[in-house]
Amino acid sequence: MAIAAPYVKRMRDLREDHDLTQQQVADILGTSQTMYARYERGANELPIRHLVTLCRFYGVSADYFLDLQ
């Protein structure tokens, strides 16, 4: 079993802190809820275009999102 990337927990925490559903975030990204759920649990890597969109949406840096700080 692969270890999830460090950003996976941060991605879920940000979504929950903003009281959003997976479907709402998926709509922001232009993807399905199923695919977003796969990103959030680390089954699929988050594409860079989605990383940029989420950083802008939540008002955080990529370093913060990726847990590099």
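**Close-up views of a predicted model**

**View 1. Val-25 and the residues around it.** Not counting neighbours within four places in sequence, Val-25 is in contact with Arg-15, Leu-20, Tyr-36, Leu-54 and Tyr-58. Keep in mind that this is a predicted model. Val-25 also belongs to the largest nonpolar core, which has 16 residues. Along with Met-11, Tyr-36, Leu-46, Leu-54 and Phe-65, Val-25 touches the most other members of that core. Helices H1, H2, H3 and H4 each chip in at least two residues to this core.

**View 2. The two faces of helix H1.** Let's look at H1, which covers residues 7–17. Which residues of H1 are buried? They are Tyr-7, Val-8, Met-11, Leu-14 and Arg-15. These five sit on the same side of H1, because they span an arc of only 130° around the axis. Here's the handy rule behind that kind of pattern: an α-helix has 3.6 residues a turn, so residues three or four places apart point the same way. Flip to the face turned away from the buried side and you'll find the exposed residues Lys-9 and Asp-17. And what do the buried residues of H1 pack against? Their partners are helix H2 (22–29), helix H3 (33–40), helix H4 (48–58) and helix H5 (62–65).

**View 3. Where H1 meets H3.** The axes of these two helices are 8 Å apart, and the helices pack at an angle of about 125°. That angle makes H1 oblique to H3. On the H1 side, the residues involved are Val-8, Met-11, Arg-12 and Arg-15, and they meet Tyr-36, Tyr-39 and Glu-40 of H3. Sort the residues of this contact by type and you get four nonpolar, three charged and no polar.

**View 4. Asp-19, just past H1.** Asp-19 follows H1 and has a positive phi, near 55°. You'll spot Asp-19 in the loop between H1 and H2. Is Asp-19 buried or exposed? Asp-19 counts as exposed, because its relative accessibility is 68% and the cut-off for exposed is over 50%. Now follow the chain 10 residues from Asp-19 to Leu-29: the C-alpha atoms of these two are separated by 16 Å.

**View 5. His-50, tucked into the model.** His-50 is part of helix H4. With a relative accessible area of 4%, His-50 is buried, since buried means under 20%. Who is in contact with His-50, leaving aside its neighbours within four places in sequence? The answer is Leu-29, Thr-31 and Tyr-39. You've already met Tyr-39 in View 3, where it is one of the H3 residues that H1 meets.

How values were computed:
Residues are numbered from 1 along each chain as its sequence is written. This is a predicted model: local features need pLDDT of at least 70, side-chain atom pairs count only at pLDDT 80 or more; totals for chains, interfaces and linings use all residues. Side-chain values use heavy atoms; hydrogens and water are left out. Buried means under 20% relative accessible area, exposed over 50%, partly exposed in between (1.4 Å probe, protein chains only). Helices (H or I, at least four residues) and strands (E, at least two) are DSSP runs, numbered from the N terminus. The arc is that of the directions from the helix axis to the C-beta atoms. Contact means heavy atoms within 4.5 Å. Axes are lines fitted to C-alpha atoms, for helices over the stretch in contact, and angles run from 0 to 180 degrees between N-to-C directions. Angles under 35 degrees count as roughly parallel, over 145 as roughly antiparallel, 65 to 115 as roughly perpendicular and the rest as oblique. Ala, Val, Leu, Ile, Met, Phe, Trp, Tyr, Cys and Pro count as nonpolar, Asp, Glu, Lys and Arg as charged, and the others, Gly among them, as polar. A nonpolar core is a set of buried Ala, Val, Leu, Ile, Met, Phe, Trp, Tyr and Cys residues joined through side-chain atoms within 4.5 Å.
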